[in-house]
Amino acid sequence: MPGEPRTLRLQHGNRIEALCVLGGHVRADVFGAAPAGAVAFGVKHTEGVSVDVLFRGRAEPEAVSGAGTRWPLDEGTVLRFSMSRASSEVNDNKVTVSFYADGGKPINQAGVFLTGVELQESIPVPCAWGRDGDSKARFAGSGGLAAKPLTLPRDEAALSLQGSPWTWTRIGMGWWKRTAPTSWAWGPEGHGAILLVSCDKEFPFIPPSDCDSEQVFNREDLLDMAQMVLRTEGPQRLPRGYEIVLSVSVNDADKKRVNNPDEPGDLPVFPFLADPFFGQRYVQVLGRRKLFHAVPYPGGAAELGFFVEGLRFPDETFSGLVSIHVSLLEPLAEGIPHSPIFTDTVVFRVAPWIMTPNTMAPVNLFACSMKDNYLFTKEIQSLVAKASCKLKVCFGYINRGDRWMQDEIRLGYTHAPHNIFPVVLDSPRERGMEQLPVKELLGPNFGYVHKEPLFEAVASLDSFGNVEVSPPVSVAGKEYPLGRILIGSSFPASAGRRMTRLVRDFLYAQHVQAPVELYSDWLAVGNVNEFVTFVPTSDKKLTPAVFPQRFRMLLASPAACYRLFREKQKEGQGEATMAFRVFRRVTINKVLSNEVLAQQNQYVQVIPNTPGHNPHFWQRPPQRGTNSSLWQGVVEFGLLSALLHPLQRCIDWNRDILKKELGLLEEDIIDLPALFKLDKQGKAVPYFPNTVTMIVLAKDLGIPKPFGPVAGGECCLERQIRALLEPLGLRCRFLEDVASYHGSLGEVRCGTSVQRRPFAFK
């Protein structure tokens, strides 16, 4: 192992043969090899060998500088020797130990013939982070905290079988030697290499994706892989029986593959860039069914090319770290297995799946074509044209009656320096659209990953409307340059609905967008996008100040709606009719005082038992110790307003979590008017179309048309939303979705999914 010198057994009267890997050390017990009567010893060695004498009880070794020096033969005395250059022939260096009796009489000798070999394995570093002006490279994963990526022509980490420790030193155009071959670390001081998961499909007639096929069909396949080069230098042949072996552990075998040409010969680095088919066939040498590969020793100075690909994203059973081992094996005797005399390890991390927030520029918007959403689709086309992105329509033969695009797929990407491509995450729900990701999206440089639990039941919280991601934030000095994932769940102390553990653990395992769990089980559908979203802004305020990305967080707010309605009532517009419920003549006055609607809100008792709130409060008259402030709300604002107060408390509970976990201030949050009612299960559903569930396409917003009370010829809810958002440089377009989406407990965003540009942060 690196840093652990190999031990040789010297024999007086004999000379043995051994390989010495450059940079490593070989130790030999002098006292144990001495003949009877020996009291001293001397050492001679050829120019290519360095020899030190180590004495028991002495910290510092003594270098062997000349042939005339003799040392007393004490128990525990050890020789340590190493080589500084590769051999041109087998056994072209030697070390001779002479033993002496009293009076300096020579007794016998022991010797070792040495062959110096240099082995160096180079792999691409997938993410290289550093700060301008750094005097050395700093390598880390995409979760690192450094400010800017390095801009090198080709960044590579070198695993060198030359002993340890190593430092980062440049050894050529874009080539570096790395420090910690058996570890991987995040951050600006980190190190390590990254693999892309071959989850796209370059060839149309292979199984579902490239990682399911053991064949390499074309150059595009190789461009997804990390290039690995094994450099060797030494004599034209190794001593008889010695072997160089690549190996992987059983635990890592199903997470990566290594391919190389049938007859690599003396390959230059990356020859495939010049020839589309390389004139060679690349085959798998390490993988699920092959744990080791004997590498033919080419002789002299040579380079052997390999290509490494990831097969799985990090998940609940896989941390994302995989290792490849390089060993030099020594023969012992015929019929006895070879023994490793030197082993080194290089560690890869599989590139994570990364989500993109609303603040990133849109590329494509996906929506379903249904019999009842033709007008909605026409409006979306106009919105997409203004945002300079493309509309991708999923027709009936693919969607099979399923309109909820966002619930089915979440579009993100994966990235390494040698390639980047979008990856669609397919949700475990199976309601008709399950063929969309495979048949319409999976292809060259468009990956696919699916998480389907085997034993857990799938619920509405497994829909991807229940997965949101914030823009980049800084929290108490800790930066999240790729934002943080938001997941809806039940109240921690309750036995409510939760996201399937398989999906939840997958999101946590990506590491780079540390998830935050919110309380969304109070909603009938239970998705976080029903009460929170993010929009970009063009104002002068930075949120937070360390990031150039400007944004605001929007929250659904019953309190804001009641405040707006009370203002209109005081202005004498209490009889303004809500256009959404025009056939029942619902006015502002009736909303503020309707006892029937108030009774529906008695199911609010499922709200968590927070201090000052009794879950059975509405089942009996007020008693000592009850929430008197809530009863005061009944007196001042009516029963409905007071009953909605617990709903507001659900949102405020999440508000406090988001402020803490995203590092936000009150001025970073905008409250949009919203009302909810309770269904028969005591879960909240929107009373009118929920404007928070909007489509964000850069500065163009597709907002569900709320059909609120019309005052002065304009919907007062639309007017209020424009007043809140347009000063931020946003353009509001209200889309009618009552028949096609709202009536089925969804809104415009639930029926769409947006592919966005990846982060500039690499």
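Author: Let's start with one idea: two residues are in contact when heavy atoms of theirs come within 4.5 Å of each other. Keep in mind too that this is a predicted model.

Reader: Okay, then what does helix α7 lie across?

Author: Helix α7 lies across β31, β34 and β35. Its direction is at about 160° to that of β34. Angles here go from 0 to 180 degrees between N-to-C directions, so about 160° puts α7 toward the opposite-direction end of that scale relative to β34.

Reader: And how are the strands β31, β34 and β35 arranged?

Author: They make an open sheet of 3 strands, in the order β31-β34-β35, and the pairing is mixed. β31 (467-469) and β35 (516-519) are the edge strands: each has a single partner strand, so one side of each has no neighbour in the sheet. On average, neighbouring strands of this sheet are turned by 35° against each other, if you ignore direction.

Reader: What makes β34 and β35 count as a pair?

Author: Two strands pair if there are at least two bridges between them. Strand β34 (residues 485-489) and β35 have 4 bridges and run parallel, so they pass that test. One of the matches to look for is I487, whose bridge partner in β35 is E517.

Reader: Which residues does R504 touch, leaving aside those within four places in sequence?

Author: R504, which sits in helix α7 (residues 501-509), is in contact with M499 and E517. R504 and E517 are 13 residues apart along the chain, and their C-alpha atoms are separated by 9.8 Å.

Reader: Why is R504 called partly exposed?

Author: Its relative accessibility is 28%. Buried needs under 20% and exposed needs over 50%, so 28% lands in between.

Reader: How do you know that R504 and D505 make a polar contact?

Author: Their side chains come to 3.3 Å. The limit for the N or O pair is 3.5 Å, so 3.3 Å fits.

Reader: Let's move on to the other sheet. What is the strand order in the one with β37?

Author: That open sheet of 3 strands runs β36-β37-β38, again with mixed pairing. The edges are β36 (532-536) and β38 (669-673), each with a single partner strand, so one side of each is left without a neighbour in the sheet. Strand β37 (residues 551-557) pairs with β38 in the parallel sense over 5 bridges. Across that pair, L554 stands opposite I670 in β38.

Reader: Which helix lies across β37 and β38?

Author: Helix α13 (residues 716-725) does, running at about 170° to β38. The buried residues of α13 are C716, L717, E718, I721 and L725. What covers them includes β37, β38 and α8 (558-570), along with β45 (731-735).

Reader: Why is R655 called buried?

Author: R655 has a relative accessibility of 8%. The cut-off for buried is under 20%, so R655 qualifies. You'll find R655 in helix α12 (residues 639-662). Apart from neighbours within four places in sequence, R655 is in contact with L555, E666, I669 and D671. With E666 there is also a side-chain polar contact of 3.0 Å.

Reader: How many disulfides does the structure hold?

Author: It holds 0 disulfides. Take C715: the nearest cysteine sulfur belongs to C716, and it is 5.5 Å away. A disulfide needs the sulfurs within 2.5 Å, so this pair fails the test. C715 is still buried, because its relative accessibility is 9%. C650 is buried as well, at 1%.

Reader: What is the average pLDDT of the protein chain?

Author: The average is 76, and 74% of the residues score at least 70. Some stretches fall below 50, including residues 262-279, a stretch that has 36 contacts in the model beyond near neighbours in sequence. Residues 598-645 are below 50 too, with 76 such contacts.

Reader: And how many helices and strands are in the protein chain?

Author: There are 13 helices and 46 strands. Of the 762 residues in the protein chain, 58% are buried.

Definitions and conventions
Residues numbered from 1 in each chain as written. Predicted model: local features only at pLDDT ≥ 70, side-chain atom pairs only at ≥ 80, totals over all residues. Heavy atoms only, no water. Helix = DSSP H or I, 4+ residues; strand = E, 2+ residues; numbered from the N terminus. Buried < 20%, exposed > 50% of the residue type's maximum accessible area, 1.4 Å probe, protein only. Polar contact = N/O pair within 3.5 Å; in protein donor to acceptor, adjacent residues only side chain to side chain. pLDDT = per-residue confidence, 0-100.
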